[in-house]
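Here is a walk through the empty spaces of one protein model, followed by a look at a single residue. Please keep the sequence and the structure in view while reading.

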Amino acid sequence: MLFEKLGICIILAVFINQNGFLLMRKPSMKRRVFCFFCGLALCGLGAAVSTRAGLGASPISSIPYVLTFVLPLSFGVWTILFNVLFVIGQIAILRRDFRKIQLLQLAAVAVFGVFIDLGMFLSGFFSPQAYWAQIAELLIGCMILAVGVSCQLLSDVMYIPGEGFVKTLCSKYKKDFGLVKISLDTSLVICAIIVSLLATAQVSGLREGTIIAALCLGAFVKFLLGRMRFVKMWFYGS
């Protein structure tokens with residue numbers, strides 16, 4: 001009996017040590033909020049960089065970017081307006097389980113929209129002409145966007161509506177985030193093509209880069225989430 005109790009104590013001590021005493025601490029809300037807004041900034045920059053590559057907008061931004069060819073509103077403004085639909089979708093799926101605090105996603109996407117327009121401005125000086133450079137910029141933009149999404153998920157404060165919608169589907173139907181993200185991105189691209197054809201009679205703002213991003217972004221997020229555990233440790237002051 002004594003050895004059994006000793007063994008349990010040793011196992012518990014190792015667990016607590018490996019997890020940075022997480023059981024005895026509360027995560028810092030200030031650090032989580034800081035991480036969230038860093039994620040917003042990175043998502044806006046990533047969306048802008050991937051779009052500046054000239055190979056088509058990233059999937060999550062495909063419909064707003066196509067709409068810039070229809071009505072003279074900025075990329076960021078269309079992003080804000082379109083993301084309202086994602087919040088409505090979350091309400092429809094969760095119904096009474098939808099927490100009113102999640103309406104703050106609308107404020108978050110407003111900040112996101114500002115970062116997109118800022119990112120478009122800051123990246124305006126670099127528009128590569130060589131195809132390999134365009135592919136490289138596209139992938140860099142997707143990775144920046146994936147880091148931003150991962151920061152938001154790890155902070156667990158709230159999400160911009162697009163990622164919040166994916167998270168809602170994952171929670172409701174017990175699906176993997178990366179797989180749902182890829183499925184949603186692909187669906188958005190198809191819808192963007194339809195909108196573009198109906199509004200302009202041609203495919204505008206969408207190219208092979210959009211498909212590449214649709215396939216890569218979810219995979220990048222899935223890859224990063226398993227390797228950014230140090231961010232959560234930082235929330236606990238480790």
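**Cavity, pockets and one residue**

The largest cavity in this predicted model has a volume of about 40 Å³. Counting cavities of 30 Å³ or more, the structure holds one. Rolling a probe the size of a water molecule over the atoms shows where empty space is left.

Which residues line the largest cavity? They are I60, S61, T79, N83, F112, I160, G162 and E163. Three helices, α3 (59–67), α4 (75–94) and α7 (161–173), each give at least two residues to this lining. Sorted by class, the lining of the largest cavity consists of three nonpolar residues, four polar residues and one charged residue.

The pockets come next. The largest pocket holds about 310 Å³ of space. Its lining is made up of 17 residues, and those nearest the centre of the pocket are L94, R99, Q102, Q105 and Y159. Helices α4 and α7, already met at the largest cavity, each supply at least two residues of the lining of the largest pocket as well. Which element gives the largest share of that lining? It is α7, with five residues. By class, the lining of the largest pocket divides into six nonpolar, six polar and five charged residues.

The second largest pocket contains about 150 Å³ of space. Around it are L153, L154, D156, Y159, K167, F177, L225, M228, R229 and K232. Two or more residues of this lining come from each of the elements α6 (131–155) and α10 (229–235). Y159 is part of this lining, and Y159 is also among the residues nearest the centre of the largest pocket. How many residues of each class line the second largest pocket? Six are nonpolar and four are charged, while no polar residue takes part.

Last, consider a single residue, T51, which is found in helix α2 (residues 29–52). Is T51 buried or exposed? The relative accessible area of T51 is 6%. A residue counts as buried when this value is under 20%, so T51 is buried. Leaving aside residues up to four places away in sequence, T51 touches G56, A57, S58, Y65, F75 and M120. Of these contacts, Y65 falls within the range of α3 (59–67) and F75 within that of α4 (75–94). Both of those helices also supply residues to the lining of the largest cavity.

Technical notes. Residues numbered from 1 in each chain as written. Predicted model: local features only at pLDDT ≥ 70, side-chain atom pairs only at ≥ 80, totals over all residues. Heavy atoms only, no water. 1 Å grid on protein atoms, 1.4 Å probe; cavity = no way out; pocket = protein on both sides within 12 Å on 5 of 7 lines; lining within 4 Å. Points joined across faces, edges and corners; volume = space filled by probe spheres on them. Helix = DSSP H or I, 4+ residues; strand = E, 2+ residues; numbered from the N terminus. Nonpolar A, V, L, I, M, F, W, Y, C, P; charged D, E, K, R; others polar. Buried < 20%, exposed > 50% of the residue type's maximum accessible area, 1.4 Å probe, protein only. Contact = heavy atoms within 4.5 Å.
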